[in-house]
Amino acid sequence: MNKKKVLLPVLLLALGVGGFVILKVTRPKPPQAVVKEPVWRVQAMSAQISKLSPVTRLNGRVESPEQTKAAAPGTGRVLNVSVREGQAVQPGQRLLELDPRDFQPRVDQARGEVDELQAAIGSEQLRHQADLDQLKQERQLLDFAAADVGRFEQLRKENFYSQSAVDQSRQNLARQQITLRSRELSVADHQARLLQLQARLAKARANLEQAELALQRSRVVAEFAGYVAKVEVAVGDQVQHDEACGQENG
């Protein structure tokens, strides 16, 4: 009984090994790979000497190297627009015009300040000449007042005049000294007053030149030959310093 239990596993193991050997022997053989020589495709062409350069396609926008913005010289209302976008213009051609009534009052005001200061300078020179003439008289009057004081004091000592008369002569002398001092200060201050008026006149003339230039530039013209790139205003618009139209060189 024990021999049967031992032989059965051995028999099963032998049958399994024998089946594996039979399957390995009887399996199909894979086909043998055929080694092929690689084929290189070559195209022959004749070489020619020539000048070549690469070509690249890009997307972009062409802009002129010379471009200017014809801006308004100040705040004003557009009176007339003479060009349109894309229009060709020549140097000096009018692009647009602002209402001159927005600029002419500033010119008149600045010119009035110039005239006023010129008149003030003339008046100061006449005043200075009058001060010089009166200065001589004031000095003479001071000498007379000093002489009166000396004479009245002498007469007072001789009892010909009262003390009140002597005091009155001294008061006249003091008032004349004050008047003379004021006249001398006015003469000495002439140069400072004149320089101040001349400085104000120079400033007024500069304001006048700016106002006249703004009036002149209220007619906006082309700086060079080219094309109008963009018009940003229309008739009746209220514009500032930097609003008008752009021009680029063609």
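Strand 2 (residues 76-81) and strand 4 (residues 94-98) run antiparallel to each other and are joined over three bridges. Here helices (H or I, at least four residues) and strands (E, at least two) are DSSP runs, numbered from the N terminus, and two strands count as paired if DSSP finds at least two bridges between them. Within this pairing, V78 stands opposite L98, and V81 stands opposite L96. Before we go on, please note that this is a predicted model, in which local features need pLDDT of at least 70 and side-chain atom pairs count only at pLDDT 80 or more, while totals for chains, interfaces and linings use all residues. Residues are numbered from 1 along each chain as its sequence is written, and side-chain values use heavy atoms, with hydrogens and water left out.

Let us follow the sheet outwards. Strand 4 also pairs with strand 5 (residues 219-221), again in the antiparallel sense and over three bridges; there L96 has V220 as its bridge partner. Strand 2, for its part, pairs with strand 7 (residues 238-239) over two antiparallel bridges, and G76 is matched with V239. Put together, the four strands make an open antiparallel sheet in the order 5-4-2-7. Strand 5 and strand 7 are its edges, since each pairs on one side only. How much of strand 4 is covered? Four of its five residues are buried, where buried means under 20% relative accessible area, exposed means over 50%, and partly exposed lies in between (1.4 Å probe, protein chains only).

Now to the helices, beginning with helix 2, residues 104-157. Its 54 residues should span 80 Å at 1.5 Å a residue, and its end C-alpha atoms are 77 Å apart, which agrees. The expected span is 1.5 Å times one less than the number of residues. After helix 2 comes N159, whose phi is positive, near 65°. F144 is found in helix 2 and is exposed, with a relative accessible area of 54%. The C-alpha atoms of F144 and N172 are separated by 10.0 Å, although the two residues are 28 apart along the chain.

Helix 3 covers residues 163-188 and includes S186. Is S186 buried or exposed? S186 is buried, because its relative accessible area is 13%. Leaving aside neighbours within four places in sequence, S186 is in contact (heavy atoms within 4.5 Å) with R127, D131 and R193.

One of those partners, R193, leads us to helix 4, where R193 is among the buried residues. Helix 4 (residues 190-216) has 27 residues and reaches 39 Å from its first C-alpha to its last, close to the 39 Å expected at 1.5 Å a residue. Its buried residues also include L194, L197, L201 and L208, along with A204, A211 and A214. Helix 2 and helix 3 are included in what covers them.

Finally, turn to helix 1 (residues 2-26), the place of V25. V25 is exposed, with a relative accessible area of 65%. Together with L13, V17, F20 and V21, V25 forms a nonpolar patch on the surface, with about 520 Å² of accessible area in total. Such patches are made of residues with over 30% relative accessible area and no salt bridge, with like charges joined within 9 Å and nonpolar side chains (Val, Leu, Ile, Met, Phe, Trp, Tyr) within 5 Å. A salt bridge is a side-chain nitrogen of Lys or Arg within 4 Å of a carboxyl oxygen of Asp or Glu. Accessible areas come from the Shrake-Rupley method with a 1.4 Å probe, and for residues only the protein chains shown count as cover.
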